[in-house]
Amino acid sequence: MNSARLQGAAGQHCYSSSSYWDALLDSESLTGYQLLQYVMWTNSSSCLLSHDFGGVLVQNPPGIDGQKAVCIDPHVAPNPADCLVYSFGINDEWSFDEQMEKYGCQVFAFDPSMATGPHDHSPGIHFYDWGLADRDGMDSEKNWTLRSLSSIYSELTARHGHKKIDYLKIDVEFAEWIALPQMIQSGMLANVRQLAVEIHLNKSESIDQNRDYVKLLRSIERMGFVRFDSKYNPWSITHLLHLGLISVPFAHEMAWYNENLLRGFYL
């Protein structure tokens, strides 16, 4: 199954009910095609106005890489006068963070791989050399400081107060599967208004392990996170042989808003 056919098939189910996806992911006969169909489902009608922030123009194939979808419907949009962004995974590419700063947000950016210590990248962007994980500790091989989201938030409350995180960006190259369970168990996701994750399917792992990854996303949706965007990364095309898939993307930019944190009335 190639990516073009999958993209078309995913669109056919954009109005599928929650029970459809639950039954699909619980099925013992789940195929790799069906798993990827779920990941590529956009549910774009759940947000009337979604804008992409950040990203850089690249070639082969040409396009914008690294952009993050932000829902700016009034009931869920970051408030330009007072918004808080956590951004994990920078790699010296600041376009998302700088645009969110221009929008009006205070941005706290994190990346342990950049060989630089804590500093203010700009008046509204505050950098820390911490990696995202499920607990506080060290990666002895890479000499990185790793921390959980709840630990980071607790320490930085002195700087930004007990605010909701209006936008949480996670782009951490497979470490999302380590960090997300702790965010759920600790209750930290209840403090997040919008969530964006670049998720990665693993070509070296079985369909059952990849199913567990995807069911983690489904559990977040059952908590009240409404998906409004999913874009596959066209520079991540590979063969997912354990899933029975040829020439398909393993990386996808996905975004949700938290319906438990809606503001006021909306259309």
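## Cavity

Asp52, Gln67, Lys68, Ala69, Ala196, Val197, Asp229, Lys231, Glu253, Met254 and Ala255 line the largest cavity. Four elements each give two or more residues to this lining: strand S4 (68–71), strand S13 (194–200), S14 and strand S17 (251–258). S17 gives the most, with 3 residues. The model is predicted.

The space in the largest cavity is about 60 Å³. The structure holds 1 cavity of 30 Å³ or more.

## Pocket

The largest pocket has about 680 Å³ of space. Its lining counts 31 residues, and Gly89, Asp111, Asp171, Val172 and Glu173 are the closest to its centre.

Two strands, S9 (130–132) and S11 (144–147), each supply at least two residues of the pocket lining. The largest share comes from S9, with 3 residues.

## Eight-stranded sheet

An open sheet is built from 8 strands. Their order is S7-S8-S6-S5-S12-S13-S17-S14, and the pairing is mixed. Strands S7 (119–122) and S14 (225–232) stand at the edges. Each has a single partner strand, so one side of each is left without a neighbour in the sheet. On average, neighbouring strands of this sheet are turned by 20 degrees against each other, direction ignored.

At one edge, S7 pairs with strand S8 (residues 125–128). The sense is antiparallel, over 3 bridges. His119 has Phe127 of S8 as its bridge partner. Helix H4 (residues 95–103) packs on the sheet. H4 touches strand S5 (83–88), strand S6 (105–110), S7, S8 and strand S12 (167–170). The direction of H4 makes about 160 degrees with that of S6. Helix H5 (residues 149–160) also packs on the sheet, touching S5, S6, S7, S8 and S12. The direction of H5 makes about 140 degrees with that of S5.

## Nonpolar cores

In soluble globular proteins, nonpolar side chains tend to be buried together. The largest nonpolar core here has 50 residues. Of these, Tyr86 and Leu168 touch the most other members. Leaving out residues up to four places away in sequence, Tyr86 touches Phe108, Phe110, Leu149, Ile152, Tyr153, Leu156, His160, Ile165, Tyr167, Leu168 and Lys169.

There is a second, separate core of 24 residues. Its members include Cys105, Val107, Ile125 and Tyr257.

## Three-stranded sheet

An open sheet of 3 strands runs in the order S9-S11-S10, with mixed pairing. S9 and strand S10 (137–139) stand at the edges, each with a single partner strand. One side of each is therefore left without a neighbour in the sheet. The twist averages 45 degrees from one strand to the next.

S10 and S11 run antiparallel and are joined by 3 bridges. Gly137 stands opposite Leu146 in S11.

## Helix H6

Two residues of helix H6 (residues 176–186) are picked out here. Ser186 lies in this helix, and the place of Gln182 is in H6 too. Gln182 has a relative accessible area of 13%. The cut-off for buried is under 20%, so Gln182 counts as buried. Ser186, at 36%, is partly exposed, because that class covers values between the 20% limit and the 50% limit.

Beyond residues up to four places away in sequence, Gln182 touches Asp134, Ser148, Leu149 and Ser150. Asp134 also figures in a distance to Ser186. The C-alpha atoms of Ser186 and Asp134 are separated by 10.0 Å, and the two residues are 52 residues apart along the chain.

## Hairpin S15–S16

Strand S15 (residues 237–240) pairs with strand S16 (residues 245–249) in the antiparallel sense, over 3 bridges. Ile237 stands opposite Pro249 in S16. The two strands form a hairpin with 4 residues between them. Gly244, in the turn, has a positive phi of about 75 degrees.

In a regular strand the side chains alternate between the two faces of the sheet. S15 has a covered face and an uncovered one. Thr238 and Leu240 make up the covered face. Ile237 and His239 make up the uncovered face.

How values were computed:
Residues are numbered from 1 along each chain as its sequence is written. This is a predicted model: local features need pLDDT of at least 70, side-chain atom pairs count only at pLDDT 80 or more; totals for chains, interfaces and linings use all residues. Side-chain values use heavy atoms; hydrogens and water are left out. A nonpolar core is a set of buried Ala, Val, Leu, Ile, Met, Phe, Trp, Tyr and Cys residues joined through side-chain atoms within 4.5 Å. Buried means under 20% relative accessible area, exposed over 50%, partly exposed in between (1.4 Å probe, protein chains only). Contact means heavy atoms within 4.5 Å. Two strands pair if DSSP finds at least two bridges between them. Axes are lines fitted to C-alpha atoms, for helices over the stretch in contact, and angles run from 0 to 180 degrees between N-to-C directions. On a 1 Å grid over the protein atoms alone, a cavity is a set of points where a 1.4 Å probe fits but cannot get out, and a pocket is an open set with protein on both sides within 12 Å along at least five of seven lines; lining residues have an atom within 4 Å of a point. Grid points are joined across faces, edges and corners, and a volume is the space filled by probe spheres set on the points.
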